[in-house]
Amino acid sequence: MLNNLTDCEDGDGGANPGDGNPKESSPFINSTDTEKGKEYDGKNMALFEEEMDTSPMVSSLLSGLANYTNLPQGSREHEEAENNEGGKKKPVQAPRMGTFMGVYLPCLQNIFGVILFLRLTWVVGIAGIMESFCMVFICCSCTMLTAISMSAIATNGVVPAGGSYYMISRSLGPEFGGAVGLCFYLGTTFAGAMYILGTIEILLAYLFPAMAIFKAEDASGEAAAMLNNMRVYGTCVLTCMATVVFVGVKYVNKFALVFLGCVILSILAIYAGVIKSAFDPPNFPICLLGNRTLSRHGFDVCAKLAWEGNETVTTRLWGLFCSSRFLNATCDEYFTRNNVTEIQGIPGAASGLIKENLWSSYLTKGVIVERSGMTSVGLADGTPIDMDHPYVFSDMTSYFTLLVGIYFPSVTGIMAGSNRSGDLRDSACRLLPASHGSSPKTEIVELEGFPPWDR
């Protein structure tokens, strides 16, 4: 049997004392070992040799950002090997990334995704600030336990390329590896569908609403129209993604730094918007009938009556609740008893909205979304609500555990760092060189009682 003598890399980067190996050659002395000299590229401004791993130059950081890639080792080497000609193929050495470039930025790019930009504000509005903090604490605790467990596995052996699945399957056995691999595959598949649907929702609901193929005739058909649009555009986006994977992801990888910059700018824009709204809130009006929220589908003016010249006329909102556009028409009882008001949907951080939303306000499916803190003249018990009126209805029943399940996928981006185990510099232990060469030190042990083929 062969027993490889391994040891973890210590802080000074040297070998164990007594093995006959000198310390690393200084970069200021002419050395013929070019591979060893590459370790000090961009770090030769350190005052002491011990500071070379802890105090890199600014140019080294900028060079790392310029060469940033969102592909793990296997995918990138496969793409680069395909570009080389048959007679000129040479092994491609993967870049050895540090904590910032290899772990922090990829995790940041995966954590801040569609859940943060689309669902986090809705989750806070439903669960309140206090329960939202509790929810984030629970999810981050699960993530912390996962990270600690992964660190325990990584520090007890050599971590090769292959990510978390390879690490778990080789450390805990094929049973755990198969179960984790199946869950990992299903999670990645559903995450892809989630991001595609989030992209289409942002495109049709916020950026370009005119691109919708299916349009609802009334407020009750908006959900069905959105689902049909998602089916059509989702198929197109999925086809484009399959084409990119078939051709090669090297073209997408060239824009990895651009995508990362967009994510960071989006995060900064959130904080900038909070600061700006405290002093100058944006104009985002919401129409209310009593304390019931109205959807602006079918009317433009938030009022019952309007002035045209010297004459009082009814508005389109009047026609939605009354039998005709005349003043003597028969109208809905709730519409007659309550006034129409317009409030700002984003009042700003200085408006006292934080105090009003400290606690939760869960809703059941089919109820009208009402504004808390406002009074209205209600109807008699048992009076049915006309679903064709332009009210904003709750489309699902919400509760705490449901919101935890919706928010939890946003904290699973920590796996992006472990998937780059082959790209990291000194991710765990490494083989100590037997001499100045590259072959490891080995020891042959003869076992008595075993045939030669079992040794």
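Modeller: Where in α5 is the kink centred, and about how many degrees is it?

Biologist: First, this is a predicted model, where local features need pLDDT of at least 70 and side-chain atom pairs count only at pLDDT 80 or more, while totals for chains, interfaces and linings use all residues. Residues are numbered from 1 along each chain as its sequence is written, and side-chain values use heavy atoms, with hydrogens and water left out. Now your kink: it's centred on G128 and comes to about 115°. The bend at a residue is the angle between axes fitted to the seven residues ending there and the seven starting there. Helices here are DSSP runs of H or I, at least four residues, and strands are runs of E, at least two, numbered from the N terminus.

Modeller: What span does α5 have between its end C-alpha atoms?

Biologist: Just 30 Å for residues 114-154, whereas a straight helix of 41 residues would span 60 Å. The expected span is 1.5 Å times one less than the number of residues.

Modeller: On to cysteines: how many disulfides are there?

Biologist: A disulfide is a covalent bond between the sulfur atoms of two cysteines. With the cut-off of sulfur atoms within 2.5 Å, the count is two. One joins C287 to C302, S to S 2.0 Å. C287 sits in strand β2 and C302 in the loop between β3 and β4, so this pair ties together parts 15 residues apart in sequence. The S-S torsion of C287 and C302 is about 85°, so that disulfide is right-handed. The other joins C322 to C331 at 1.8 Å, and it is right-handed with 100° about the S-S bond.

Modeller: Why does C139 have no bond to C142?

Biologist: Because the sulfur of C139 is 6.5 Å from the one in C142, its closest cysteine sulfur, which is too far. C139 is buried at 1% relative accessibility; buried means under 20% relative accessible area, exposed over 50%, partly exposed in between (1.4 Å probe, protein chains only).

Modeller: Which residues have the most contacts inside the largest nonpolar core?

Biologist: In soluble globular proteins, nonpolar side chains tend to be buried together. A core is a set of buried Ala, Val, Leu, Ile, Met, Phe, Trp, Tyr and Cys residues joined through side-chain atoms within 4.5 Å. The largest has 16 residues, and L289, L317, F321 and V340 are among those with the most contacts inside it. Helix α11 gives the largest share, three residues. Beyond its neighbours within four places in sequence, V340 is in contact (heavy atoms within 4.5 Å) with residues including C287, C302 and F335.
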